[in-house]
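Reader: I would like a close look at a single part of this model, taken slowly and with its surroundings described. Please begin with whatever term has to be settled before the burial of a helix can be discussed.

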Amino acid sequence: MNICIVTHKLLKGDGQARVNYEIVKEVLNRNHNVTVFASYVAPELLSMPNLNWIKVPIKGWPTQLLKNQIFALISTVLLLIHRRKFDLVMVNGFITWAKSDVNAVHFVHSSWLKSRAHPFRLKKNVFGYYQLLFTYINSIFEKIAFSRSKQLVPVSEKVKTEIQEFANYPNLRVIMNGVDTREFYPDQSISRGQLGLPENVTLALFAGDIKSSRKNLDSVLKAMVDLKDIHLVVAGSTNGSPYIKLAEQLGLKERVQFLGFRKDMASLMKAADFFVFPSRYEACTLVVIEALASGLPVITTYQSGVSELITSDLTAGIVLDDPEDVEGLGQAMKQLSEYPELRQQMGINARKVSERQRWEDVAGEYIALFEEVVEVKKKKKDPYKLLGFATQGSNGDDENRLRALLSNFSVNFYPFGRQRKLLNTWKIFRYIFRERPNLIIMEGTGIAGGMALIAGNLLTKVPYVVSSGDAVGPFISSQFPLLGPLFNLYEKLLYKRSIGFIGWTPYLAGRALTYGTTFGMTAAGWAPFSYSEEELKKSRSRIRSNLGIPESQIVIGIVGTLNWNHRIGYCYGYELVMALLKLKRQDVTVLIVGDGNGKAKLEELSGNHSNIIFTGRVLREEVPAYLSAMDLASLPQSVDQVGSFRYTTKVSEYLSVGLPIVTGNIPMSYDLDKNWIYRLHGNKPWDRTYTQSMVDFLEQVTLKEVEERRLRVPRNLSLFDKEKQINNVSEFIKDILMYKRGS
């Protein structure tokens with residue numbers, strides 16, 4: 001690839017500049033060509049082959065605001081001259097007026113403008129007004145820059161949410177910042193004395209810009225007043241900082257040490273006990289990730305995007321709700337000071353979390369995205385104009401499934417927002433009327449999207465395809481009986497007007513064909529992960545150990561969203577809880593992985609039974625680990641027009657980790673090999689027959705029998721093969737397009 005990156009600087013010692021530095025270095029290591037429009041490039045990069053630096057001179061211009069505008073104008077001209085040479089252009093926020101392929105968003109000025117910590121809200125002086133002007137202008141220009149980019153890359157989920165607050169951008173992918181784990185690592189042999197730090201005390205470290213209030217050093221100092229056993233060291237240039245005087249006023253001169261600007265941050269972090277950084281606004285600061293890599297527990301706030309790492313599956317510190325909560329900050333610091341075991345465990349977790357954020361891996365994520373974007377650009381030569389969207393919302397599992405199924409085509413994806421259904425209906429209809437796409441593919445059967453397709457088809461004859469895993473009419477009837485007839489009518493009309501239907505099961509495809517769709521096919525869901533046997537064994541041991549489940553226990557479990565249906569009194573896991581409460585043997589454990597409004601109800605029904613474990617919500621990437629801790633997987637579906645039409649992706653996920661399945665008399669259970677399926681009696685998993693059948697089964701089943709069945713579970717059943725599904729759907733869509741062209 002020939003890649004162009006537009007950034008002010010490329011060097012190690014600055015946040016945005018460091019991210020681009022690492023991306024460029026990794027791109028060059030992979031033998032791609034890079035052209036950089038920048039004012040400064042680190043000398044060590046200039047010595048690397050395949051790098052072309054085109055300097056953007058801004059030296060001598062007064063104020064950063066004016067420098068940024070000059071840089072934007074020059075880089076725009078340069079891109080107009082050189083654009084055709086590049087396969088991809090990456091920019092950083094508002095840095096040019098030219099269009100870009102990828103825009104890495106390190107800061108959202110529109111959100112910073114609203115912050116209580118903005119300098120203008122603190123001081124109405126010349127500096128405050130300048131900052132107001134600087135932020136306001138950038139908030140306008142960044143929106144223009146975002147709208148002129150094909151792909152936005154927010155550096156945290158927080159930044160992603162901020163972007164979505166003022167616009168519904170179609171392509172957002174979070175890539176968090178990284179860390180050099182070889183430079184920053186735990187090392188207890190570091191001597192505090194050699195670094196000029198106090199010894200034999202609990203030592204907290206703060207690092208960053210200590211001239212402005214955004215980093216919130218003032219709250220740290222106020223919290224320190226009552227923390228007599230803690231010493232604080234502050235790293236950061238003291239020129240113009242008001243906090244040295246504040247520390248003296250608070251009587252902290254003996255316990256707070258200002259180090260000034262330091263280049264030996266890695267050593268300072270190795271010598272500290274914990275890192276405190278209660279920022280009032282932060283996108284994804286590097287210094288916190290460096291602290292994590294150094295094995296330091298971190299105290300920060302939810303106003304900092306990096307808090308997402310600290311509150312992940314491995315708790316690596318304490319996150320405060322409010323940066324102004326001085327009392328809460330003091331309690332957090334006191335807790336880390338008084339409980340060294342907690343500090344040690346958090347430090348271990350911190351290092352593990354940071355190892356997922358190595359610069360090589362982060363840069364690799366960017367390069368993988370570059371390759372995807374370039375591939376999509378190549379497909380733009382496709383003569384067909386296709387529109388896709390998922391009624392369950394943009395950037396969710398359903399949209400990701402549809403993107404995968406249509407990955408052989410160039411598709412414009414509409415950013416469907418679930419909270420703006422009427423607006424979605426209007427926008428999709430307007431797009432159909434104005435653009436007249438060759439084909440629209442909708443994942444899901446939501447009425448907001450469906451009515452737009454029906455209306456568009458009636459008025460413009462634009463054809464559409466529906467992909468779904470549910471029979472919407474019966475499903476709504478089960479939840480709201482009075483609405484059942486209306487949604488049954490809607491479902492029939494939706495399928496009758498469609499040119500094609502992609503069902504997650506053959507039963508759904510048959511239903512759509514019966515209602516009048518022209519073409520139909522099956523594309524079952526696939527497991528979004530793949531683990532080796534060795535990885536599964538390690539995960540099983542880890543999860544069972546964490547949950548206190550001995551290997552002698554038979555574990556039957558389920559993974560899913562626990563939504564309680566008040567009309568029938570049921571949610572996933574109900575059948576397991578009710579069965580275990582009746583079970584006489586003690587060597588069976590129920591493991592319910594997931595969250596929702598039904599979790600509290602199930603916990604209430606279980607009565608704190610020691611053999612019923614609720615994990616709550618777990619990270620998507622941790623799902624296979626929890627599945628590996630099970631011996632049997634429950635697949636509760638009702639034998640009616642809701643359950644009988646479904647497979648659910650649970651089947652493929654259970655198979656991918658080699659789990660025998662326990663289910664009822666649903667049609668799917670007869671499609672698959674009975675040698676690894678246990679079939680229970682009872683039409684509905686909430687009725688007594690099904691529960692009693694589950695009890696009878698669990699009373700008799702043995703670990704040996706389960707293991708024998710486990711060996712017969714097919715890990716790669718072709719029915720759930722992702723690549724096969726993609727190829728089948730590609731042929732399906734091509735045939736529909738050819739059919740419409742011929743007609």
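Author: A residue is called buried when its relative accessible area is under 20%, and exposed when that area is over 50%. The model is a predicted one, and with that in mind the part chosen here is helix H24, which covers residues 574–582. Within H24 the buried residues are Tyr574, Glu575, Leu576, Val577, Ala579 and Leu580. The elements that cover these buried residues include the strands S21 (554–559), S22 (588–593), S23 and S24 (632–635), together with the helices H25 and H29 (688–700).

One of these covering elements, strand S23, can be followed through a single residue, since Ile613 lies in that strand. Ile613 has a relative accessible area of 15% and is buried, because that value falls under the 20% cut-off. Once residues up to four places away in sequence are set aside, Ile613 touches Leu547, Ile549, Thr589, Val590, Leu591 and Ile592. Ile613 can also be placed relative to Glu603, from which it is separated by 10 residues in sequence and by 9.0 Å in space, C-alpha to C-alpha.

The loop between helix H25 (599–606) and strand S23 (612–616) holds Asn608, and this residue offers a contrast in burial. Asn608 has a relative accessible area of 75% and is exposed, whereas Ile613 is buried. The backbone of Asn608 also deserves a note, as its phi is near 60°, a positive value in a residue other than glycine.

Strand S24, another of the elements covering H24, leads on to a further loop, the one between S24 and helix H27 (650–656), where Gly643 has its place. Gly643 counts as buried, with a relative accessibility of 0%. Apart from neighbours within four places in sequence, Gly643 is in contact with Gln637, Ser638 and Ile666. The C-alpha atoms of Gly643 and Asn683 are 9.6 Å apart in space, while the two residues are 40 apart in sequence.

For comparison, another helix of the chain can be described in a similar way. Helix H15 (residues 340–354) has 15 residues and spans 21 Å from its first C-alpha to its last, close to the 21 Å expected at 1.5 Å a residue. Its buried residues are Arg343, Met346, Gly347, Asn349, Ala350, Arg351, Val353 and Ser354, and among the elements that cover them are strand S9 (202–207), helix H12 (286–293) and helix H14 (326–338). The loop between helix H8 (192–195) and S9 contains Asn200, which has a positive phi of about 60° although it is not a glycine. Asn200 counts as exposed, at 79% relative accessibility.

These parts belong to a chain whose secondary structure comes to 31 helices and 26 strands. The radius of gyration of the chain is 29 Å, close to the 27 Å that the globule rule gives for 743 residues, so the chain is as compact as a globular protein of that length. Buried residues make up 56% of the chain, and, among contacts between residues at least 6 apart in sequence, 67% join residues at least 24 apart. The chain exposes about 32700 Å², of which carbon and sulfur atoms supply 51%.

Notes: Residues numbered from 1 in each chain as written. Predicted model: local features only at pLDDT ≥ 70, side-chain atom pairs only at ≥ 80, totals over all residues. Heavy atoms only, no water. Helix = DSSP H or I, 4+ residues; strand = E, 2+ residues; numbered from the N terminus. Rg over C-alpha atoms; globule rule 2.2 N^0.38 Å. Buried < 20%, exposed > 50% of the residue type's maximum accessible area, 1.4 Å probe, protein only. Contact = heavy atoms within 4.5 Å. Areas by Shrake-Rupley, 256 points an atom, 1.4 Å probe, with all protein chains shown as cover. Expected span 1.5 Å × (residues − 1).
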